[in-house]
Amino acid sequence: MSGQGQVRVSVCMATYNGQEYVTEQIESILAQLSPEDELVIVDDASKDSTLDVVRRIADPRIVLLPNARNKGYVASFERAITASRGEYIMLSDQDDVWLEGRVTSLVNALQTKDFAASNFTVFGGPANRYHKIQLKESDSNRWAANLVMTWIGIRPYYGCTMAFTSRAKNMILPFPTFLTETHDQWIAIVGNRNRSMVHLAAPTVARRLHDDNTTPKSRRPVAVILRARIMLLRAFFVALGRKADTR
């Protein structure tokens, strides 16, 4: 497990029944980390052999934190972020593959802003119309528009593409207690509310499409969409109080 020295990059991953793909994802991450960096994995009480798979990798940069009971992916990501010690924090799903240069691209982007999000490619299945919506670098400074588009649900902020500074960590934690999904959109709301979000047009991760993806692959029922929009509206008002000191 990772030691107590200076950590530059922390990668935060939440796993749940991910034995089939997690090794490939971890290998793609570790290949881009330095010996002083860390990969914080919170396993959400997996019922398969995910824990054993991760332990067999036996890399000292991995910090494995199993949940005693299933708490959901939002709480698991919150625990991983809380435990992270790096200057730059990057989020990761358990079943994707990081593209070469991801760490460098995101660290460079975070030199002027506290939050960054990139585009992505997909594999394992055909991209649908939701996957084809792209972030534009020219929209980085359109804070108000980004907030509105995030609330509507058409600004493609995905946790697996996001990174932020340790200073930003203090803005997003703790997550609102009512947040049961879309932690990535919560982070995007805080970033745009503080006018500190930068978009990268280039993809930094390849998202694997399969039957068990957490992110919906098609339009959800209207009642579910309305509940999510109300939750995000509540999150916006919470974010009003998460203001950083001037950078």
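**Close-up 1. The two cysteines C12 and C160.** Buried means under 20% relative accessible area. The model shown here and in the views below is predicted. C160 has a relative accessibility of 2%, and therefore counts as buried. C12 counts as buried too, because its relative accessibility is 0%. A disulfide is a covalent bond between the sulfur atoms of two cysteines. The count of disulfides in this model is zero. C12 takes part in none, and the nearest cysteine sulfur to it, that of C160, is 14 Å away. C160 is likewise in no disulfide, its nearest cysteine sulfur being that of C12 at 14 Å.

**Close-up 2. Packing of helix 5 against helix 8.** Helix 5 spans residues 143-152 and helix 8 spans residues 222-239. Their axes lie 9 Å apart and make an angle of about 150 degrees. Angles over 145 degrees count as roughly antiparallel, so helix 5 and helix 8 are roughly antiparallel to each other. On the helix 5 side the contact involves L147, T150, W151 and I152. These residues meet R229, L232, L233 and F236 of helix 8. An α-helix has 3.6 residues a turn, so residues three or four places apart point the same way.

**Close-up 3. Buried residues of helix 5 and the residue that follows the helix.** W143, A145, N146, L147 and T150 are buried in helix 5. Of these buried residues, L147 and T150 are also among the helix 5 residues that meet helix 8. The cover over the buried residues of helix 5 includes helix 7, strand 8 (197-208) and helix 8. Just after helix 5, G153 has a positive phi of about 100 degrees.

**Close-up 4. Helix 7 and its cover.** Helix 7 runs over residues 183-193 and is mostly covered, with 10 of its 11 residues buried. The buried residues are H183, D184, Q185, W186, I187, A188, I189, V190, G191 and N192. Helix 7 is also one of the elements that cover the buried residues of helix 5. Just after helix 7, R195 adopts a positive phi of about 55 degrees.

**Close-up 5. The aromatic pair F115 and F164.** The whole structure contains three aromatic pairs. In the pair shown here, the ring centres of F115 and F164 are 6.4 Å apart and the planes stand at 40 degrees, so the pair is tilted. The pair links distant parts of the chain, 49 residues apart: F115 belongs to strand 6 (residues 115-123) and F164 to strand 7 (residues 162-165). F115 counts as buried because its relative accessibility is 0%. F164 has a relative accessible area of 0% and is therefore buried.

**Close-up 6. The aromatic pair F236 and F237.** F236 and F237 form an edge-to-face pair, with 5.5 Å from centre to centre and 75 degrees between the planes. F236 is partly exposed, at a relative accessible area of 27%. F237 is exposed, at a relative accessible area of 52%. F236 is also one of the helix 8 residues that helix 5 meets.

**Close-up 7. Arginines over phenylalanine rings.** R207 places its charged end over the ring of F120, at 5.2 Å from the ring centre. R234 lies over the face of F178, 3.9 Å from the centre of the ring.

How values were computed
Residues are numbered from 1 along each chain as its sequence is written. This is a predicted model: local features need pLDDT of at least 70, side-chain atom pairs count only at pLDDT 80 or more; totals for chains, interfaces and linings use all residues. Side-chain values use heavy atoms; hydrogens and water are left out. Buried means under 20% relative accessible area, exposed over 50%, partly exposed in between (1.4 Å probe, protein chains only). Helices (H or I, at least four residues) and strands (E, at least two) are DSSP runs, numbered from the N terminus. Rings of Phe, Tyr and Trp (its six-membered ring) pair if their centres lie within 6.5 Å; planes under 30 degrees apart count as stacked, over 60 as edge-to-face and the rest as tilted. A charge sits over a ring if NZ of Lys or CZ of Arg is within 6 Å of the ring centre and within 35 degrees of the ring normal. A disulfide is a pair of cysteine sulfur atoms within 2.5 Å. Axes are lines fitted to C-alpha atoms, for helices over the stretch in contact, and angles run from 0 to 180 degrees between N-to-C directions. Angles under 35 degrees count as roughly parallel, over 145 as roughly antiparallel, 65 to 115 as roughly perpendicular and the rest as oblique. Contact means heavy atoms within 4.5 Å.
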